[in-house]
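Q: I'd like a close look at one part of this model, the surroundings of its ligands, and then a walk outward from there. Could you take me through it in one go?

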Amino acid sequence: MRRISVFGATGSIGQSTLDLIGRAPDSYHVVALTGGRNIALLAEQARQHRPEIAVTADPDRLTDLRDALAGSGIEAAAGEGALIEAATRPADWVMSAIVGAAGLAPGLRALEQGATLALANKESMVAAGKLMLQKASKHGGRILPVDSEHSAVFQALIGENIASVERVIITASGGAFRDWPLEKLAAATPEQAATHPNWDMGQRITIDSASMFNKALELIETREFFGISPENIETVVHPESLIHALVGYNDGALMAHVGPPDMRHAIGFALHWPERRSLPVERLDLTAIGSLSFRVACDQRYPALRLAREVMREGGLSGAVFNAAKEQALDGFLARQIGFMDMAGIVEDVLSEISARPGHIHAEFTLDNVNRLDHLARDTARGAIKRLMDRKN
Ligand code: NAD
Ligand code: MG
């Protein structure tokens, strides 16, 4: 029986992961399930999958979780410390599907136990890719990509020599506003941004898809994960979301990964790797699809892409700053303090303010420094949001 933990079990990726695990319950022993505020769902999942422990990230909801699990024999715990404790319990395979930088510490802890970490939480790769890879190699663990594009690249690289790779192309759906006139974007609301044309995902990543901050994170994730130089990583808008990524080789061949927009493919691939097993995803009918289209991802519509390139150029701890500033700007947009197009300006301000101060971005790459810069970036972003609000009022 494989020992499995799912961090962020109540989210979109977490639920898809449990859907797959629930189809072969005798193959898995579930060690830990973690969630945020949705106690009813976490308890329901725990009663179905029988983990040793269920953890809510919210310390105020421990009593609710205990009550919901009463009589089940499943341990209940709450708070950041409990998440880390759950991540310390030995597991063979761990799904990292918490949203945001909050996924970093539990993911690192699982890697310290030598687990295979199925990584949906791209934010941890962006903020601290170097530490993640170091932990994996030091403790005999492994990181498998779950982001659909990175799973696609991983699959297109099987049996190939990385030295023959000329370029990697990450596709983007273009998000909710890909067909909106540019001048309308400033007035876009969180509700409008949270509707994705092709994928059914959590609220934050859906809005990040509309702004392409998601793709910006993914460009950096590609660099960190596969060690591809930034100038060899491209992105292109592909509205059908059927080709997830392409790897271009030095003989001119492009190997494309084509599949339905269903995260259970990438999750299932990581779950069964190195084998391929049958998965409950749609089989594409190419003649019904007819044609596939591609457009330039322009920096004017998607300034986040330009910022990602700056982050890759700058290196050091700038990924941690970028991710944290982006998370804070998104909070500001969700709270209707700033507009949709203001998010990129806030992130740019934070990057330039912190880069200008010596001793930050190029400090030693440690978890303490990642966390310090994460906090500094959030504070700086809050300041920039406040200044912008003051100017507008
Ligand atoms: P989601 O919002 O649906 O779920 C997030 C999960 O994290 C929930 O279980 C939530 O309770 C938990 N959580 C939220 N804040 C937390 C905190 N501070 N501490 C601990 N737990 C917390 O998000 P999602 O769409 O499932 O995305 C999860 C991760 O996977 C993200 O990093 C996202 O970028 C990545 N991802 C998602 C998809 C997708 O299709 N949904 C695709 C690729 C990558
Ligand atoms: Mg993706």
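To start with the ligand: which polar backbone atom is 3.2 Å from an oxygen atom of ligand 1?

A: Keep in mind that this is a predicted model. The backbone atom you're after belongs to G11, and an oxygen atom of ligand 1 sits 3.2 Å from it. The next residues along have similar stories to tell. S12 has a polar backbone atom 2.9 Å from an oxygen atom of ligand 1, and for I13 the distance from a polar backbone atom to a ligand 1 oxygen is again 2.9 Å. On its own, ligand 1 has 820 Å² of accessible area, and the protein covers 83% of that.

Now zoom out to the whole shell. Ligand 1 is surrounded by 23 residues, and the closest of them are T10, S12, G36, E123 and G202. Sorted by character, the shell has 12 nonpolar residues, eight polar ones and three charged ones. Two helices to look for here are α1 (12-22) and α6 (122-139), each giving the shell at least two residues.

Next, the metal. The magnesium ion (ligand 2) is held by D147 (OD), E149 (OE) and E218 (OE), at 2.1 to 2.2 Å. Written along the sequence, the spacing of those donors is D-x1-E-x68-E. The two glutamates come from distant parts of the chain: E149 is in helix α7 (residues 148-156) and E218 is in helix α10 (residues 213-226), 69 residues apart. What about burial? E149 counts as buried because its relative accessibility is 7%, under the 20% cut-off. E218 counts as buried too, at 1% relative accessibility.

From the ligands, let's move on to a couple of buried side chains. I207 is found in helix α9 (residues 203-211). Its relative accessible area is 0%, so I207 is buried. Beyond its neighbours within four places in sequence, I207 touches P190, A193, A194, L330, F333, L334, F340 and M343. For a sense of scale, I207 and A24 are 33 Å apart, C-alpha to C-alpha, and 183 residues apart in sequence.

A charged residue worth a look is K326, in helix α14 (residues 318-334). Lysine or not, K326 counts as buried, because its relative accessibility is 3%. Setting aside neighbours within four places in sequence, K326 is in contact with D208, F213, L217 and V347.

Last stop, two helices and the residues that follow them. Helix α2 (residues 39-49) has I39, L41, L42, A43, Q45, A46 and H49 as its buried residues. An α-helix has 3.6 residues a turn, so residues three or four places apart point the same way. The buried residues of α2 pack against α1, β2 (28-35), β3 (53-56) and α3 (62-69). That brings us back to α1, one of the helices supplying the shell around ligand 1. Just after α2 comes R50, with a positive phi of about 55°.

Helix α5 (residues 104-112) makes a handy companion. Its buried residues are L104, P106, G107, L108, A110 and L111. Following α5 you'll find G114, which has a positive phi, near 85°.

Definitions and conventions: Residues numbered from 1 in each chain as written. Chains lettered and ligands numbered in written order. Predicted model: local features only at pLDDT ≥ 70, side-chain atom pairs only at ≥ 80, totals over all residues. Heavy atoms only, no water. Donors = N, O, S within 2.8 Å, 3.2 Å for Na, K, Ca; no water. Helix = DSSP H or I, 4+ residues; strand = E, 2+ residues; numbered from the N terminus. Buried < 20%, exposed > 50% of the residue type's maximum accessible area, 1.4 Å probe, protein only. Near = heavy atom within 4 Å. Polar contact = N/O pair within 3.5 Å; in protein donor to acceptor, adjacent residues only side chain to side chain. Areas by Shrake-Rupley, 256 points an atom, 1.4 Å probe, with all protein chains shown as cover. Nonpolar A, V, L, I, M, F, W, Y, C, P; charged D, E, K, R; others polar. Contact = heavy atoms within 4.5 Å.
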